[in-house]
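Biologist: Could you put the model up on the screen, and then walk me through the side chains inside?

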Amino acid sequence: MKYAQVKADGSAPVIRDVTSRVEDRFCTLRWRWPDGVQAVCIHKAPAEETESREYPPSGLKLYTREEYKANNGYRDRLDDIGLVSYTVYARLTENGETVLVRQEEGDNRIVVSAGKARIYYSINQKKGWFQKAKTVQMSITAEVPVSREVLCYVKKRGGYPAGKDDGILFPFVQDFAAGRSVLPPIEVGPDDYVRIFFTDGRKYGLYYELVPE
């Protein structure tokens with residue numbers, strides 16, 4: 001259902017004091033209801049998509065004041081990973097038309113962490129007798145599908161690399177499905193060492209946890 005919008009001003013009722021509590025993959029939202037508002041519309045989206053979406057956004061959920069009282073808030077299951085944004089819009093009727101109050105200052109919005117998916121990795125290095133090269137076998141075990149852009153491996157001579165910039169960086173050429181993925185073995189020099197890193201720790205560290213097996 002599409003709604004018209006009205007911008008918050010001195011007379012329009014607005015949602016304030018939005019709080020959240022996350023427990024066992026469920027998020028409970030609470031907020032201060034303005035006088036005269038009997039229902040709200042709630043929008044949920046990945047936090048990074050909030051600024052660029054259309055308005056009014058699609059996928060709104062109607063939630064009444066009676067439901068709020070009965071449930072002591074709004075309870076929602078977190079099936080995503082990373083940061084999730086909830087926006088609560090006051091729902092009004094003006095001249096027979098249903099409208100939502102748009103609050104540009106953002107007091108009706110809150111961002112919660114839905115947790116991180118774990119990515120387990122293992123690296124086995126073998127060198128045969130009378131061989132100059134070492135064989136490296138890498139495996140990735142992911143709780144959710146992971147894009148190839150998330151991870152890279154780094155090769156360094158003389159010791160293990162400390163970070164993605166400490167050696168020669170190599171991208172992965174395929175995405176990782178949920179579950180265990182064993183990569184084709186690669187050959188490196190006898191004094192080379194390999195580790196796996198995030199390509200962008202600040203970005204992808206919000207969504208995943210990289211754990212050595």
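What follows is a conversation about cysteines, aromatic rings and nonpolar cores.

Modeller: Before we start, this is a predicted model, in which local features need pLDDT of at least 70 and side-chain atom pairs count only at pLDDT 80 or more, while totals for chains, interfaces and linings use all residues. Residues are numbered from 1 along each chain as its sequence is written, and side-chain values use heavy atoms, with hydrogens and water left out.

Biologist: Fine, how many disulfides does the structure hold?

Modeller: The count is 0 disulfides, where a disulfide is a pair of cysteine sulfur atoms within 2.5 Å.

Biologist: Why no bond for Cys27?

Modeller: The closest cysteine sulfur, in Cys41, is 18 Å from the sulfur of Cys27, which is too far for a bond.

Biologist: And is Cys27 buried or exposed?

Modeller: Cys27 is buried, because its relative accessibility is 1%; buried means under 20% relative accessible area, exposed over 50%, and partly exposed in between, with a 1.4 Å probe and protein chains only.

Biologist: Changing topic, how many aromatic pairs are there?

Modeller: The structure holds 8 aromatic pairs, counting rings of Phe, Tyr and Trp (its six-membered ring) with centres within 6.5 Å, where planes under 30 degrees apart are stacked, over 60 edge-to-face and the rest tilted. One of them joins Tyr63 and Tyr74, whose ring centres are 4.8 Å apart with planes at 80 degrees, so this pair is edge-to-face.

Biologist: Where do Tyr63 and Tyr74 lie?

Modeller: Tyr63 is in strand β5 (residues 61-64) and Tyr74 in strand β6 (residues 74-77), so the pair ties together parts 11 residues apart in sequence; strands here are DSSP runs of E, at least two residues long, numbered from the N terminus. Both Tyr63 and Tyr74 are buried.

Biologist: What about Tyr153 and Phe172?

Modeller: Tyr153 and Phe172 form a tilted pair, 5.4 Å centre to centre and with 50 degrees between the planes. Ring pairs also link Tyr153 and Phe172 with Phe170 and Phe176 into a cluster.

Biologist: Which residues touch the most other members of the largest nonpolar core?

Modeller: Those are Trp31, Val40, Ile42 and Tyr86, in a core of 25 residues; a nonpolar core is a set of buried Ala, Val, Leu, Ile, Met, Phe, Trp, Tyr and Cys residues joined through side-chain atoms within 4.5 Å. Strand β7 supplies the largest share of this core, 5 residues.

Biologist: Is there anything beyond that core?

Modeller: A second, separate core has 21 residues, including Ile119, Tyr121, Ala142 and Tyr207.

Notes: Helix = DSSP H or I, 4+ residues; strand = E, 2+ residues; numbered from the N terminus.
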